[in-house]
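Biologist: Please take one part of this model, the enclosed empty space and its lining, and go through it closely. I would also like to know how that part sits within the rest of the chain, with the cut-offs behind each term.

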Amino acid sequence: MLCRLRVVLSTMLYCAEFITAAVMCSTYQKSDDRIWMGCTITFMLFPAVLIQLALTFIHRDLGRDRPLVLFLHLLLLGPVIRCLEALVMYFKAGKKEEPYVTISRRIRLKKGQQTPMEWEIGQLERNLAAHRDAFKRATVIQAFLGSTPQLTLQLYATIQEKYILPLRLALMIITLISITYGALVCNILAIQIRYDDYKLRLRPAAYICMIVWRGLEIATRITALVLFSTALTHWIILFWARKGSLAENVEKNLSKLGTTVVLCMFTLLYACINIFCWSAVQLDLTHRELIEKRQRWDRLALYYIGRFLENFLLITLWYFFKSDFYEYVCAPLLVVQLLVCYGLAVLFMLLFYQFFHPCKRLFKYNVHDCLHCVCCRKRDSSLGSRRGKPSYSNALVLSYSSTCSCSFIIRYFLLCLK
C-alpha cells in the first residue's frame, strides 16, 4: 500500500508542478515579463526531459518494441504511463501464482536480534521493484533539478515585484512539497544503499521526524539564498578534484560516451542536492558503486557547521545591506527566526539518528555518545560497545545540548547586531 502511494504521489507532484508552471508562464506572457517567463519555462522543461530520459534508461525501452510508451515520453507524459503500468501490476500481484525468478536474502533487525530471512521473488514483483526504483530516481531529479531552482526563482520574483500572486504562491507550495519529498526519498535511498543486507522498516515517527528536518532545512536555506540573491558554494569542483577514474562496472554496461554522460548528470544532481541540503551519501567516483557506504559522522558535522556559518554570513550581509523594501519588516526578528528554524532542523536530524533510525543499533557511536564527548570533554571507551535502548538521560542530554546551542546562536547574533 505504501509503495502504491509513493508512485501516485510522485506522479501527482510531477503533473501538478508542470501544469502550474505552464499556467504561470502564460501569466508572465500576458504581463510581458519575459525574463521570469523564460526562467520558469527552463526550470519546467529541463527536469521533465531528464525524467523522461531516466525512466527510458532504467526500463531499457530503447531496445524494446514499445512505440506508444516512447511516444508518450516524447510528450513528457512518461511518469503518467509508468504510474498506470505500476498500478495495474499492483492490482495483479498475488492473484495468480507464478514461478520465482530469484531468491532475496536479507537480515531482519528486531529488538537487537539479527534474523536471516529469504523469500522468493517472481517476475511481476521484480518488475514492480524496477518501477519503484525508477520513480525514486525521477522524484529526486524533479526535486533538485527542477523544484529547487523554480522555488528560488518564484520567491525572488515575489520579492522583486513586491506582491504575491495566488498562482505563484500555489506553485511555491507545490515545489516546496516536492523538494521535501525528494529529500525524504534521498534519505530512504541512502539508508537502503548503506544497509543493503538488511530488511528495513521505518516507523511513522521516523517519517514525521525526517519531514520536519528536511522541510525546515530546505526552507531556511532557500530563504537565505534568496535574501542574499546569490550562492557561494561550488560543489562540483570538489568532486572532480579527486581525479578518480571511471567505475569499472559502469563501463561494462555502457559505452564510454554513455558513461561520461551518466557520471556528469549524477555529479550535477549530487551538487544540486548538496547546495540546498545534506545528501545523506558521499559521492566517490573511484568506487565501483559511485558512493561511499560507510557512515561518516565527521562529514555530517562539518557540513552542518559549515552550512550554518554560511547561512549566518548570508543573512548578516543581507541585514546590513538590505533594501528599503524591508523597512516595514522586523529584520532582527526575521533573522532570529531563520536561525532558530535551522537549529530546529538540526535538532530533528539528531532525534532521527538517535531514536528513529532503523539501523541505529548497528552504529558504533550514536548521537548521545558524540554529544556526551563534546559536552564533558572526555571519552569513555565503554560507550562505543553499548547497544542498549536509549534512556531518558540520552534524551535529556540531547535536548539540553540542542537548547544550549540555539540559545548561544541567538545571543551571539543579537550581540553582533548591537
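**An enclosed space and its surroundings**

Modeller: The count comes to four cavities of 30 Å³ or more, where a cavity is a set of points, on a 1 Å grid over the protein atoms alone, at which a 1.4 Å probe fits but cannot get out. Grid points are joined across faces, edges and corners, and a volume is the space filled by probe spheres set on the points. This is a predicted model, in which local features need pLDDT of at least 70 and side-chain atom pairs count only at pLDDT 80 or more, while totals for chains, interfaces and linings use all residues. Residues are numbered from 1 along each chain as its sequence is written, and side-chain values use heavy atoms, with hydrogens and water left out.

I will take the second largest cavity, whose volume is about 110 Å³. Its lining, meaning residues with an atom within 4 Å of a point, consists of S10, T11, L13, Y14, I51, P79, F135, A138, T139, Q142, S178 and Y181. Three helices, α1 (2-30), α5 (123-161) and α6 (166-194), each contribute at least two of these residues; helices here are DSSP runs of H or I with at least four residues, strands are runs of E with at least two, and both are numbered from the N terminus. Sorted by class, the lining holds seven nonpolar and five polar residues and no charged ones, with Ala, Val, Leu, Ile, Met, Phe, Trp, Tyr, Cys and Pro taken as nonpolar, Asp, Glu, Lys and Arg as charged, and the others, Gly among them, as polar.

Helix α6 also holds T180, which is buried because its relative accessible area is 11%, under the 20% limit, whereas over 50% is exposed and anything in between is partly exposed (1.4 Å probe, protein chains only). Not counting residues up to four places away in sequence, T180 touches I211, R214, G215 and I218, a contact being heavy atoms within 4.5 Å.

The helices of the lining reappear in the largest nonpolar core, a nonpolar core being a set of buried Ala, Val, Leu, Ile, Met, Phe, Trp, Tyr and Cys residues joined through side-chain atoms within 4.5 Å. Of its 70 residues, those that touch the most other members are V140, F144, M210, W213, Y304, F352 and Y353. At least two core residues come from each of α1, α2 (34-59), α5, α6, α7 (204-228), α10 (256-276), α11 (297-320) and α12. A second, separate core has eight residues, including A21, Y28, W36 and M44. To return to M210, its contacts, leaving aside neighbours within four places in sequence, are L184, N187, I188, L202 and F352.

Two loops deserve attention for their backbone angles. Most residues other than glycine have a negative phi. D32, in the loop between α1 and α2, is not a glycine and yet has a positive phi of about 60°; D32 counts as exposed because its relative accessibility is 52%. L76, in the loop between α3 (67-74) and α4 (78-92), likewise has a positive phi, of about 65°, without being a glycine, but L76 counts as buried because its relative accessibility is 18%.

Further along the chain, C359 belongs to the loop between α12 (331-356) and α13 (367-376), and its relative accessibility of 0% is why C359 counts as buried. Apart from neighbours within four places in sequence, C359 is in contact with L109, Y195 and L200, and its C-alpha atom is separated by 9.9 Å from that of K199, 160 residues apart along the chain. R361, also placed in the loop between α12 and α13, is partly exposed, with a relative accessible area of 27%; R361 and Q113 are 248 residues apart in sequence but 9.7 Å apart in space, C-alpha to C-alpha.

For the chain overall, the secondary structure comes to 14 helices and five strands, and buried residues make up 43% of the 418 residues. Of the contacts with a separation of 6 or more, 74% join residues 24 or more positions apart.

Technical notes: On a 1 Å grid over the protein atoms alone, a cavity is a set of points where a 1.4 Å probe fits but cannot get out, and a pocket is an open set with protein on both sides within 12 Å along at least five of seven lines; lining residues have an atom within 4 Å of a point.
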